[in-house]
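I opened this model to look up its ligand site, its core and its backbone oddities. My notes follow in the order I checked things.

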Amino acid sequence: MPTATVSLIARSSSHFSRITRIYAAELEVPYALEPVFDIASTTSGVFGDNPLLRVPSLRTPEGTWFGSLGVCRELARRSSRALRLVWPENLLDVLGSNAQEVVTDAMNTGVIITTSRMQKVPDDNPALTKPFARLRGALGWLEGNLEAALATQPTADLSFLEVSAFCFLTHLTFRGLGTLDDHPQLRAFCARFADRASARATPYHFDQPPVT
Ligand SMILES: N[C@@H](CCC(=O)N[C@@H](CS)C(=O)NCC(=O)O)C(=O)O
């Protein structure tokens, strides 16, 4: 069993973190998970010195990589597996490019709503009207376009679009931010991706601090 030389500063309940955990599993890069228990902290040290005070970050001997995309790229460089990977900049078709934009923005919108809820802002607060409408719009658009967008991608073993879409859609129901009841295409996509060992190994849950 190879030992981990990198640490993932992340949360098991976070959709951006799950993207990186799925990449690490697919790329077979071992890592030590350093859960961030206090997501509301304003101390950057809690987030691996990420000044944005967000997860995930990847601490390596060379430095710490901030954010899911940068972390996944570094995991790919550290992997000895020759996987064919599709990154956002490889999505040259309008559908693929827009799908990545919709997924990433919707994930950020999920963070806004979740953060507001943590501050006891009710869902019917006018400040959340547009974020919820944006989520509904994203779901409707993805229902009609995600499969076609994925089909425009170059042949690959793994794409950032499919991983981030899976993490976004499954997080939506985990966090009670929305439902896929009226989105059969998206349910089918999630069921398909959920079959991967990397998805099965990274279910959402809330990290529990050690009892002292
Ligand atoms: N651009 C970043 C976004 C990371 C992000 O928003 N992470 C969320 C958790 S899913 C977070 O740290 N939320 C806490 C906060 O925004 O204060 C990425 O791609 O990793």
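I count a polar contact as a pair of N or O atoms within 3.5 Å. The model is predicted, so I read every distance below as a property of that prediction.

**Entry 1: ligand site**

I started with the ligand. Which residues are around the ligand? I listed Ser14, His15, Phe16, Ile39, Leu53, Arg54, Val55, Pro56, Gly67, Ser68 and Val111.

Next I checked polar distances. A polar side-chain atom of arginine 54 sits 2.5 Å from a ligand oxygen. For serine 68, an N or O atom of the side chain is 2.7 Å from an oxygen atom of the ligand. Valine 55 uses its backbone: a polar atom there is 2.8 Å from a nitrogen atom of the ligand. I then looked up the cover. On its own the ligand has 510 Å² of accessible area, and the protein covers 77% of that.

**Entry 2: the Val55–Pro56 bond**

Two residues from the ligand list share an unusual bond. I found a cis peptide bond between valine 55 and proline 56, with omega about 5°. Most peptide bonds are trans. Proline 56 belongs to the loop between strand S2 (32–35) and strand S3 (57–60).

**Entry 3: Phe16 and Ser17**

I moved to helix H1, which holds phenylalanine 16. Is phenylalanine 16 buried or exposed? Its relative accessibility is 15%, so it counts as buried, the cut-off being under 20%. Beyond its sequence neighbours within four places, phenylalanine 16 is in contact with Val55, Pro56, Ser68, Thr104, Met107, Asn108 and Val111. I also took a long-range distance: the C-alpha atoms of phenylalanine 16 and leucine 83 are 21 Å apart, with their positions 67 residues apart along the chain.

Serine 17 is in H1 too. Its relative accessible area is 0%, so it is buried. Outside four places in sequence, serine 17 touches Ala10, Arg11, Val55 and Pro56.

**Entry 4: Ser7 and Gly70**

Serine 7 lies in strand S1. It is buried because its relative accessible area is 14%. I found a side-chain to side-chain polar contact from serine 7 to glutamate 34, at 3.4 Å. Contacts of serine 7 beyond four places in sequence are Ala32, Glu34, Ser57, Leu58 and Arg59.

Glycine 70 is in helix H2. At 23% relative accessible area, glycine 70 is partly exposed. Its C-alpha atom is 9.4 Å from that of threonine 20, a residue 50 places away along the chain.

**Entry 5: the nonpolar core**

I looked up the largest nonpolar core, which has 51 residues. Ile19, Tyr23, Leu146, Phe168 and Leu169 touch the most other members. Elements giving two or more residues to this core are S1 (7–10), H1 (15–27), H2 (68–78), H3 (94–118), H4 (129–151), H5 (160–174) and H6 (184–194). Which element gives the most? H5 does, with 9 residues.

I followed one of the top members. Leucine 146 touches Trp141, Leu161, Ala165, Leu169, Leu186 and Phe189, leaving out residues up to four places away in sequence.

**Entry 6: helix H3**

I checked the length of H3 against expectation. Its 25 residues at 1.5 Å each should span 36 Å, and the end C-alpha atoms are 36 Å apart, so the two agree.

Which H3 residues are buried? I noted Gly96, Ala99, Gln100, Val102, Val103, Ala106, Met107, Thr109, Gly110, Ile113, Thr114 and Ser116. An α-helix has 3.6 residues a turn, so residues three or four places apart point the same way. The buried residues of H3 pack against H1, H4 and H5.

I then checked the two ends. Aspartate 93 caps the N-terminal end of H3, with a side-chain oxygen 2.9 Å from the backbone nitrogen of leucine 95. Just after H3, lysine 120 has a positive phi of about 65°.

**Entry 7: positive phi in loops**

Most residues other than glycine have a negative phi. I listed two more exceptions. Glutamate 28 has a positive phi of about 55°. It sits in the loop between H1 and S2. Glutamate 28 is exposed because its relative accessible area is 56%, where the cut-off is over 50%.

Aspartate 49 has phi near 65°. This residue is in the loop between S2 and S3. At 53% relative accessible area, aspartate 49 is exposed.

Notes. Residues are numbered from 1 along each chain as its sequence is written. This is a predicted model: local features need pLDDT of at least 70, side-chain atom pairs count only at pLDDT 80 or more; totals for chains, interfaces and linings use all residues. Side-chain values use heavy atoms; hydrogens and water are left out. A nonpolar core is a set of buried Ala, Val, Leu, Ile, Met, Phe, Trp, Tyr and Cys residues joined through side-chain atoms within 4.5 Å. Buried means under 20% relative accessible area, exposed over 50%, partly exposed in between (1.4 Å probe, protein chains only). Helices (H or I, at least four residues) and strands (E, at least two) are DSSP runs, numbered from the N terminus. Contact means heavy atoms within 4.5 Å. A residue is near a molecule or strand if one of its heavy atoms lies within 4 Å of it. A polar contact is a pair of N or O atoms within 3.5 Å; within protein, one must be able to donate a hydrogen and the other to accept it, and residues adjacent in sequence count only if both atoms are side-chain atoms. Accessible areas come from the Shrake-Rupley method with a 1.4 Å probe; for residues, only the protein chains shown count as cover. The expected span of a helix is 1.5 Å times one less than its number of residues.
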